[in-house]
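Colleague: I am new to this kind of model. Please give me a close look at the largest pocket and at the parts of the chain that go with it.

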Amino acid sequence: MTAEPLERTLDRHGHLGGPDGFPEPGAPVLRVARESDLPELRRLDEEVFQEVAYPAFLLRQLFDVYAEHFLVLDDGAGGLRGYVLAATTAFSRDSWILGLCVTEGHRRHGLGRELMTEILARLREDGIDQVRLTVEPANRAAILLYRSLGFHPEEPDGGLRRDYFGPGEHRQIMHLELR
């Protein structure tokens with residue numbers, strides 16, 4: 001397990017620290033989620049995922065079970081710009097990314113990449129060998145991000161799983177070998 005606490009400030013480009021190595025005022029902080037974040041996480045999840053957002057009770061339980069792999073981007077003003085959540089088990093070296101989101105107004109600034117890069121590093125440190133995720137097949141931006149991080153569609157059929165979340169709710173399954 002990762003021992004050191006995570007709290008890093010991102011500059012306006014989504015990179016750690018400012019141009020001189022110091023945080024810029026108002027820069028988002030990448031950190032582990034806190035219990036006090038749950039209402040804002042719920043709001044963010046509903047904003048981004050709408051009809052497929054996690055119910056409040058499930059988001060709470062995911063936090064309780066996977067807290068060390070639940071990272072947020074805190075805007076410093078009581079709001080969150082994004083989060084990533086990874087699930088692991090005690091008996092497997094596999095993990096699933098259960099959620100990655102960035103608020104619409106902060107997309108295309110590298111924040112999703114920063115969240116994914118950090119969670120993948122933490123999973124690798126924790127001995128995870130393989131990471132999987134699902135993505136809506138029409139979400140080209142997310143698919144391009146995941147591919148740029150080394151994820152590949154699972155076979156057969158390029159990872160497309162029809163009706164994965166129910167009738168008409170297709171998903172592409174992607175995976176990444178960490179070792």
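Modeller: A helix here is a DSSP run of at least four residues in state H or I, a strand is a run of at least two in state E, and both are numbered from the N terminus. The model is predicted. By that definition the chain has four helices and nine strands. Read from the N terminus, their order is β-β-α-α-β-β-β-α-β-α-β-β-β. The chain has 179 residues, and 46% of them count as buried. Contacts between residues at least 6 apart in sequence can be sorted by that separation: 58% of them join residues at least 24 apart. The exposed surface of the chain is about 9700 Å², with 53% of it supplied by carbon and sulfur atoms.

Now to the pocket. Rolling a probe the size of a water molecule over the atoms shows where empty space is left. The largest pocket holds about 1100 Å³ of space. Its lining is made up of 36 residues, and the closest to the pocket centre are Phe 49, Leu 100, Asn 139, Ala 142 and Tyr 146. Five elements each give two or more residues to this lining: helices H1 (38-49), H3 (111-125) and H4 (140-148), and strands S5 (94-102) and S6 (130-135). The largest contribution is from S5, which gives seven residues. Sorted by class, the lining has 20 nonpolar residues, eight polar ones and eight charged ones.

H1 is a useful element to follow further. Arg 43 is one of the residues in H1. With a relative accessible area of 34%, Arg 43 is partly exposed, because partly exposed covers the values between 20% and 50%. Arg 43 is 37 residues from Leu 80 in sequence, yet their C-alpha atoms are 9.4 Å apart in space.

Leu 80 appears again among the contacts of Thr 103. Thr 103 sits in the loop between S5 and H3, two elements that give residues to the pocket lining. Leaving out residues up to four places away in sequence, Thr 103 touches Leu 44, Glu 47, Val 48, Leu 80 and Arg 81. Its relative accessibility is 8%, so Thr 103 counts as buried, the limit being under 20%.

After H1 comes a backbone detail. Most residues other than glycine have a negative phi. Gln 50 is not a glycine, but its phi is positive, at about 45 degrees. Gln 50 is in the loop between H1 and helix H2 (56-66). Gln 50 has a relative accessible area of 53%, which means that it is exposed, since the limit is over 50%.

Asp 163 is another non-glycine residue with a positive phi, about 55 degrees. Asp 163 is placed in the loop between strand S8 (160-161) and strand S9 (171-177). Asp 163 has 40% relative accessibility and therefore counts as partly exposed.

Last, the aromatic rings. A pair of aromatic rings is described by the distance of the centres and the angle of the planes. There are four aromatic pairs in the structure. One aromatic cluster is formed by Phe 63, Phe 70 and Tyr 83.

How values were computed: Residues are numbered from 1 along each chain as its sequence is written. This is a predicted model: local features need pLDDT of at least 70, side-chain atom pairs count only at pLDDT 80 or more; totals for chains, interfaces and linings use all residues. Side-chain values use heavy atoms; hydrogens and water are left out. Buried means under 20% relative accessible area, exposed over 50%, partly exposed in between (1.4 Å probe, protein chains only). Contact means heavy atoms within 4.5 Å. Accessible areas come from the Shrake-Rupley method with a 1.4 Å probe; for residues, only the protein chains shown count as cover. On a 1 Å grid over the protein atoms alone, a cavity is a set of points where a 1.4 Å probe fits but cannot get out, and a pocket is an open set with protein on both sides within 12 Å along at least five of seven lines; lining residues have an atom within 4 Å of a point. Grid points are joined across faces, edges and corners, and a volume is the space filled by probe spheres set on the points. Ala, Val, Leu, Ile, Met, Phe, Trp, Tyr, Cys and Pro count as nonpolar, Asp, Glu, Lys and Arg as charged, and the others, Gly among them, as polar. Rings of Phe, Tyr and Trp (its six-membered ring) pair if their centres lie within 6.5 Å; planes under 30 degrees apart count as stacked, over 60 as edge-to-face and the rest as tilted.
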